[in-house]
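Me: Can you walk me through this one? I'd like to pick up the basics as we go.

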Amino acid sequence: MISEEEARKKIVETVRPLPARKLSISRSLDLFAAEDHFARVPLPAFDNSAMDGYAIMTSSCRKGQRLRVIGEQPAGRDKQLCISRGEAVRIFTGAPMPAGADAVVMQEDITRDGDEIVINTDVEASEFIRQRGCDLAEGQRILPKGERICAAAAAVLASQGFAEVTVGGEVKAAVLSTGDELLKPGERIGPGQIYDSNSVLLDGLLKRCGAVVNSVEHCRDERESLIKAIERGIKSHILIISGGVSVGEHDSVKAALRDLGAQVDIWRVAIKPGKPFLFGRVRRRVPSPQSSPWQGKADATAPGEGGIANLAHSFIFGLPGNPVSAFVTFLQFVRPAILKMMGAMKLDLPKVPAKLAVDLTNDGDRAHYIRGKFEHGKFSPVGRQESHALFGLSQSNALLRISVGQSFKAGEIVDIQVWD
Ligand code: AMP
Ligand code: MG
């Protein structure tokens, strides 16, 4: 059994970023930038009005002043207007400032009188002008490599005229849930049977990470069927197998993997829940146009670094069948691998300080992840802290990791991991 840190390190070192691709900005949401992006134009791109009002020259204008309106400048085409002393230009939000004007007075602060206005307020220079470049300078970095493209970041790219952005590769995933006891939701259930909830859980977690789920299959605990199902699954970059990785007689996943010539890098990790976790790799079976899908032809290898080529291998994550174990091991081991393959820089779940509601001690021999509710700055364990307790998990939104031998007191500030 290896430590959780060792397992994560090994996994993260083994997988490599997939080749980058260019996508339209509208399809880049939540993907990761594959290169640094820099501003092509400043923001704002030109001095413009922050209000509907009148562009004026403050040096020739005080409260009570009468000014002649010499033209109108709407947003859009710059009419290249120019004002002199005693003049104003009718202007609208976002419109370019006329030459000679150094402030805008709001339309609420003037009285219009035919071709003239009377200023009813004192106006200071620069008032209601949005200065060129005050938000963003030309050449400034707007999106670092490896950063997730959120809606606002995508909007900044659009503001710079980028129609496309280079993002990290697309991770294709397959899910295989194993177990003779499992039925599909909607099927008629018999004694001793349960509904397969892990397929739904893992499908959701994969999509949340930004992976594309190619297939979701169920397979009985039977070696031949498992081999066939795994062969189908390894057409994807990663295959997530749920269940069948423990030590019972019906846990046939390891044997099936062995028969397929897979290399098992990790089996059993000092993590609670999730001890039987497995990580391995097998040459990827990708269908080629000329040959049958089962000739074991690998496609091109990933460029760079000389490590394990993502495109030639499929990575296999064997998660314990207990739903909470599957959930915790997904977040701790699968999520960072997917993010790295997608080109992300930050692989860990975000950590947030929280005030602990209860005393907690880990006197076991594995790092323990407590499921809890993080609310108003406070973390309270929620639900039964057992690996089968799916409903308890569904009530939680954060994890607290307690190392072996570690104790926390109620009221202490602890770092928790949050998702969603
Ligand atoms: P296993 O890891 O196969 O030994 O399964 C451990 C426990 O998780 C057993 O109680 C299984 O019935 C349960 N389990 C396995 N797979 C699933 C699944 N897909 N959905 C819900 N529970 C499962
Ligand atoms: Mg099982």
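Reply: Sure, and let's get one term straight: a residue is exposed when its relative accessible area is over 50%, buried when it is under 20%, and partly exposed in between. Keep in mind that this is a predicted model.

Me: Is histidine 376 buried or exposed?
Reply: Look in the loop between strand 25 (367–375) and strand 26 (378–381), where histidine 376 is found. Its phi is near 50 degrees, a positive value in a residue other than glycine. The relative accessible area of histidine 376 is 82%, and the cut-off is over 50%, so histidine 376 counts as exposed.

Me: And phenylalanine 128, how does that one count at 28% relative accessibility?
Reply: Phenylalanine 128 sits in the loop between strand 10 and strand 11 (129–130). Phi is positive here too, near 55 degrees. Since 28% falls between the 20% and 50% cut-offs, phenylalanine 128 is partly exposed.

Me: How many salt bridges does the structure hold?
Reply: Some background helps here: side chains of opposite charge can pair when their charged atoms come close. Counted over the structure, the number of salt bridges is 19.

Me: Which residue forms a salt bridge with arginine 66?
Reply: The closest N and O atoms of this pair are 2.7 Å apart. The pair links distant parts of the chain, from strand 6 (residues 66–73) to strand 10 (residues 116–119), with the two positions 50 residues apart. Arginine 66 is partly exposed at 42%, and its partner is partly exposed at 28%. That partner is glutamate 116.

Me: Which helix does the partner of arginine 223 lie in?
Reply: Arginine 223 meets aspartate 259 in a salt bridge, at 2.9 Å from N to O. Arginine 223 belongs to helix 4, so the pair ties together parts that are 36 residues apart in sequence. Both ends are partly exposed, arginine 223 at 38% and aspartate 259 at 45%. The helix that holds aspartate 259 is helix 5.

Me: How many residues surround ligand 1?
Reply: Among the closest are Glu181, Asp196 and Gly244. By type, the shell divides into four nonpolar, nine polar and three charged residues. In total, the number of residues around ligand 1 is 16.

Me: Which residue has a side chain with an N or O atom 2.8 Å from a nitrogen atom of ligand 1?
Reply: Backbone atoms reach oxygen atoms of the ligand: an N or O atom of glycine 321 lies 2.8 Å from one, and an N or O atom of asparagine 322 lies 3.1 Å from one. The protein covers 77% of the 480 Å² of accessible area that ligand 1 has on its own. For the nitrogen atom, the side chain you're after belongs to aspartate 196.

Me: Why do the buried residues of helix 2 line one face? Within what arc do they fall?
Reply: An α-helix has 3.6 residues a turn, so residues three or four places apart point the same way. In helix 2 (residues 151–159), the buried residues are Ala153, Ala154 and Leu157. They line one face because, seen down the axis of helix 2, they fall within an arc of 100 degrees.

Me: What is omega for the cis peptide bond between leucine 43 and proline 44?
Reply: Proline 44 lies in the loop between strand 3 (37–38) and strand 4 (48–49). A cis peptide bond also joins lysine 272 and proline 273, with omega about 0 degrees. For leucine 43 and proline 44, omega is about -15 degrees.

Definitions and conventions: Residues numbered from 1 in each chain as written. Chains lettered and ligands numbered in written order. Predicted model: local features only at pLDDT ≥ 70, side-chain atom pairs only at ≥ 80, totals over all residues. Heavy atoms only, no water. Salt bridge = Lys/Arg side-chain N within 4 Å of Asp/Glu carboxyl O. Helix = DSSP H or I, 4+ residues; strand = E, 2+ residues; numbered from the N terminus. Buried < 20%, exposed > 50% of the residue type's maximum accessible area, 1.4 Å probe, protein only. Near = heavy atom within 4 Å. Polar contact = N/O pair within 3.5 Å; in protein donor to acceptor, adjacent residues only side chain to side chain. Areas by Shrake-Rupley, 256 points an atom, 1.4 Å probe, with all protein chains shown as cover. Nonpolar A, V, L, I, M, F, W, Y, C, P; charged D, E, K, R; others polar. Arc of directions from axis to C-beta.
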